[in-house]
Amino acid sequence: MSSTQQALFWTKCLFCITYIEYPWIHKNCELCCPTCGKLFNAEECQDDVLIQMTEQEEKLAKLEQKLTENDEEILRLKDHSQKLLVKVKKFKERKKKLEEEKECVEKKFNDILS
Ligand SMILES: [Zn+2]
């Protein structure tokens, strides 16, 4: 993809005030508004609204980035807790075995005593 194909500009439909991003080659051409269907001249606009929109988009992108990081952290924690659960299970099994051994020894001891 060349940079000319990627270059976009913002324009505004004067009838319904919809902001639309178009490829650079359509600049100052007559375009059909995707919202109201009317023809308007695609002049590049740099309104405050547009600047705000761009800022919002940047904020959203940052939030998305953060969410992705959180997801990765959650996955890491899940993995960690999974490993801990396995450990706990092994400990419980070991404890059970030791208790059984203890009972066995106690029984033998009682047998000797009686
Ligand atoms: Zn329109």
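**A tour from the hairpin to the helix**

Select Thr-11 to begin, and look across to strand β2, where the bridge partner of Thr-11 is Ile-20. Before going further, please keep in mind that what you have open is a predicted model.

**The hairpin**

Now widen the selection to residues 8–12, which are strand β1, and to residues 19–23, which are strand β2; these two strands pair in the antiparallel sense, and five bridges join them. Six residues lie between the two strands, and together β1 and β2 form a hairpin. If you step along the pairing to Phe-9, you will find that the residue standing opposite in β2 is Tyr-22.

Next select Glu-21, which is also found in strand β2. Which residues does Glu-21 touch, once its neighbours within four places in sequence are left aside? The contacts of Glu-21 are then with Leu-8 and Trp-10. Add Phe-9 to the selection as well, since Glu-21 and Phe-9 are twelve residues apart along the chain and yet their C-alpha atoms are separated by 5.6 Å. Is Glu-21 buried or exposed? Glu-21 is exposed, because 10 other C-beta atoms lie within 10 Å, and a residue counts as exposed when that number is 12 or fewer. While the strands are on the screen, it may help to recall that in a regular strand the side chains alternate between the two faces of the sheet.

**Two loop residues with positive phi**

From β1, follow the chain into the loop that leads to β2 and select Ile-17, which is found there. What is notable about the backbone of Ile-17? Its phi is near 50°, which is a positive value in a residue other than glycine. This can be set against a general tendency: most residues other than glycine have a negative phi. Ile-17 is exposed, because it has 11 other C-beta atoms within 10 Å.

Continue past β2 and select Asn-28, whose place is in the loop between β2 and β3, the latter being residues 30–32. Here too phi is positive in a residue other than glycine, with a value near 65° for Asn-28. Asn-28 counts as exposed, because there are 11 C-beta neighbours inside 10 Å.

**The helix α2**

Move on to residues 48–113 and select them together, for this is helix α2. How far apart should the ends of α2 be? At 1.5 Å a residue, its 66 residues should span 98 Å, and the end C-alpha atoms are 94 Å apart, so the two values agree. If you colour this helix by burial, the count of buried residues among its 66 residues is zero, and α2 is accordingly hardly covered.

Within α2, select Leu-84, which counts as exposed because it has 10 C-beta neighbours inside 10 Å. Then add Lys-96, which is twelve residues away from Leu-84 along the chain, and draw the distance between their C-alpha atoms, which is 18 Å. Another stop in helix α2 is Lys-107, and this residue is likewise counted as exposed because 10 C-beta neighbours lie inside 10 Å. From Lys-107, go back to Glu-57, which is 50 residues away in sequence; from C-alpha to C-alpha, these two residues are 74 Å apart in space. As you look along the helix, remember that an α-helix has 3.6 residues a turn, so residues three or four places apart point the same way.

**The whole chain**

Finally, clear the selection and view the protein as a whole, where the secondary structure comes to two helices and four strands, arranged along the sequence in the pattern α-β-β-β-β-α. The domain assignment gives domain 1 as residues 1–46 and domain 2 as residues 51–114, and the centres of these two domains, taken over C-alpha atoms, are separated by 54 Å.

Zoom out until the full model fits the window: along the principal axes, the C-alpha atoms fill a box of roughly 105 × 30 × 25 Å. The radius of gyration of the protein is 34 Å, whereas a compact globule of 114 residues would have one near 13 Å. How much of the protein is buried? Buried residues make up 3% of the 114 residues. Among the contacts with a separation of 6 or more, 27% are between residues 24 or more positions apart.

Key: Residues are numbered from 1 along each chain as its sequence is written. This is a predicted model: local features need pLDDT of at least 70, side-chain atom pairs count only at pLDDT 80 or more; totals for chains, interfaces and linings use all residues. The radius of gyration is taken over C-alpha atoms; the globule rule is 2.2 Å times the number of residues to the power 0.38. A residue is buried if 20 or more other C-beta atoms lie within 10 Å of its own, exposed if 12 or fewer, and partly exposed in between; C-beta atoms are placed from the backbone. Two residues are in contact if their C-beta atoms, placed from the backbone, lie within 7 Å. Domain bounds come from an automatic or database domain assignment. Two strands pair if DSSP finds at least two bridges between them. The expected span of a helix is 1.5 Å times one less than its number of residues.
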